[in-house]
Amino acid sequence: MTVSIDKFIKEPKIAYFSMEIGVRSDMLTYSGGLGVLAGDTIKSTADLNLPVVAVTILTKKGYFKQELDIYGRQSELPDEWDPNSFMTPLKERVIVNIEGREVQIGAWLYVVESMRGSKIPIIFLDTDFPENAPEDRGITHHLYGGDQTYRLKQEIVLGIGGFRILDELGFEIKKYHMNEGHSSLLTVELLQSHKRDIEEVWDERLVWDAEKVRSLCVFTTHTPVAAGHDKFPYDLVQRVLSDSLPLDVLKEFAGHENLNLTMLALNLSNYINGVAKKHGEVSKGMFPGYEIHAITNGVHSFTWTCDPLKRLYDKYLPGWANEPEIFVRIGRIPDYELWEAHMEAKRHFIDYVNRETQSDMNYDTFTIGFARRATAYKRADLLFTDVERLIRMGEGRLQIVYAGKAHPKDEEGKRLIQRIFEIKDRLKDKIKIAFLKNYNMDIALKLVSGVDIWLNTPLRPLEASGTSGMKATHNGVPNFSVLDGWWIEGHIEGYTGWAIGPSPDVPADPARDADDLYYKLETIIIPTFYGDKHTWIRIMQNAIGKNAYYFNSHRMMRRYVTEAYIR
Ligand SMILES: *Cc1c(COP(=O)(O)O)cnc(C)c1O
């Protein structure tokens, strides 16, 4: 495969930087929500023909392959893939100084092509060259691997290396969009390349044109979880990041105690946003003094719709993939055809689950889906708060499919998977439960289209947005979720789906969440599914016509353009 970069450098671009970009399941350059969102973003920019170039890390050894023993104990294996089968190596290299060594950074070109033929380049950064020291060759191997030092080196490669390579390749950049703080060291490069030309400097600080840099930068923050914001002690920074700003200048922008990549991005961007309205509010509380906007996430409609529903939409709503607003006419699809398309997807999915897990599930039983990173705040085990109660309402009437990886260092997340396995074995004659290992984009599409309801139980307000529920709505699968993230905006009780727990303006109440979950399942959701198909199909229609209609990445990107990029 040979593709040339030349045709991409003709017009000024918006550079979209992200530590992970997931464009396809078998290109292992993502771990979860952030990466998949970045991939959906780039696909929409291609469909909308926007002038964008994306920059990320190659991660040749992926995130990890999840192995689970019969007790659900997770171990992590390397997950290698071959970039040569997807992308083209470019000859250009740049050098960045790391720990006093000159590290060569190269690039691979991957092209995202829309159905109408417009193309968006993604630059994948790579340090795995024989010219580099062995330890430097590994910097771009593992996504979210290694220790703090490794992480900082990766972020140097992404922010500084990425900035330099765009320049080396001949790109003219009119905006830099930092998708999360990982890439914010690019602002250091921007400060250095926009120094004021002052003859006699009586105050050294005057040479740094922060205002100019801000006018070029957009920053999207993605999580209210503290661990999501990278901080590095300055002694580490001084050892690793050799060619940077004078320390006092760096501290002024990135924080005095630590190098805080979120602070750096906040201080040097003139458009900052959270990823749902509520998350924008929460971020304002976390970062007082900054003007923080909100652009609610969306998913790429074509990517996240299963084949049976694609065929149905093509028949009744032609043009839907390039114009998801057309979902507003969902009422044109006859009930029985919508149900039949759903059942086709469900049968396909149940067959898959049974093949993978020998769990003997059946097509007609009400099926709950739950898949996301296994980590404490997502509370994958909320459904097991009162197992006896679950059995009473669900015996023979309910089956549940789980998936999700725990970060290798997240012990609590790993215990959650074991707990699911424990309950799965305990309930096997009463309620069938399956756990699909190696959650990835392929499995995600099967899951969100093959279950009857999509469950989400995060501890408020820690779910910034959540996007898997949006994928479910594209397949007519309603959400049953805690009112956090996007669901606050998408939820109309009993109409687009159901809420778990109190309204978002009263304090979180974990005990009440479980009670509400059981109460609604038992008295409303399961009875409606089995006893009132007409109402059930209405809710499926509303999931599409009210939720997928809005929570798609085409709408999201139009908003980034009008609110962030052309300001
Ligand atoms: C969509 C997706 C996610 C993100 O889902 P959330 O609901 O935001 O947790 C994570 N992993 C994969 C593989 C996905 O496709």
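**Helix packing, cores and backbone outliers**

In this predicted model, helix H11 (residues 335-357) packs against helix H14 (residues 441-450) with the two axes 8 Å apart and an angle of about 130 degrees between them. Angles over 145 degrees would count as roughly antiparallel, so H11 and H14 end up oblique to each other. The crossing of H11 past H14 is left-handed. On the H11 side, the contact is built from His342, Ala345, Lys346, Phe349 and Tyr352, while H14 brings in Ile443, Lys446, Leu447, Ser449 and Gly450. Sorted by character, the residues of this H11–H14 contact come out as five nonpolar, three polar and two charged.

H11 has another helix to deal with. Helix H10 (residues 307-316) packs on H11 with axes 8 Å apart, at an angle of about 155 degrees, which makes H10 roughly antiparallel to H11. Here Pro308, Leu309, Arg311, Leu312, Lys315 and Tyr316 of H10 meet Glu337, Leu338, Ala341, His342, Glu344 and Ala345 of H11. The tally for this H10–H11 contact is seven nonpolar, one polar and four charged. His342 and Ala345 of H11 turn up in the contact with H14 and also in the one with H10.

Turning to the interior, the largest nonpolar core holds 70 residues, and Ile123, Leu152, Ile156, Leu166, Tyr176, Leu185 and Leu259 touch the most other members. Helix H3 (residues 148-169) supplies the largest share of this core, with nine residues. Apart from this core lies another one of 61 residues, including Ile330, Ile420, Ile431 and Phe435. Back in the 70-residue core, Ile123 makes a good example of how the packing works out: beyond its neighbours within four places in sequence, Ile123 is in contact with Ile5, Val53, Ala54, Val55, Thr56, Leu90, Ala107, Trp108, Leu109, Ile165, Leu166 and Leu169.

A few backbone oddities round things off. Arg460 and Pro461 are joined by a cis peptide bond, with omega at about -5 degrees; Pro461 sits in the loop between strand E17 (453-456) and helix H15 (468-474). Two residues other than glycine have positive phi: Gln358, near 50 degrees, and Asn438, at about 55 degrees. Gln358 belongs to the loop that runs between H11 and strand E14 (366-371), and Asn438 to the loop between strand E16 (432-436) and H14. As for surroundings, Gln358 is exposed, with a relative accessible area of 64%, whereas Asn438 counts as buried at 17% relative accessibility.

Key. Residues numbered from 1 in each chain as written. Predicted model: local features only at pLDDT ≥ 70, side-chain atom pairs only at ≥ 80, totals over all residues. Heavy atoms only, no water. Core = buried A, V, L, I, M, F, W, Y, C linked by side-chain atoms within 4.5 Å. Buried < 20%, exposed > 50% of the residue type's maximum accessible area, 1.4 Å probe, protein only. Helix = DSSP H or I, 4+ residues; strand = E, 2+ residues; numbered from the N terminus. Contact = heavy atoms within 4.5 Å. Axes fitted to C-alpha atoms, helices over the stretch in contact; angles between N-to-C directions. Parallel < 35°, antiparallel > 145°, perpendicular 65-115°, else oblique. Left-handed = near helix turned anticlockwise from the far one by under 90°. Nonpolar A, V, L, I, M, F, W, Y, C, P; charged D, E, K, R; others polar.
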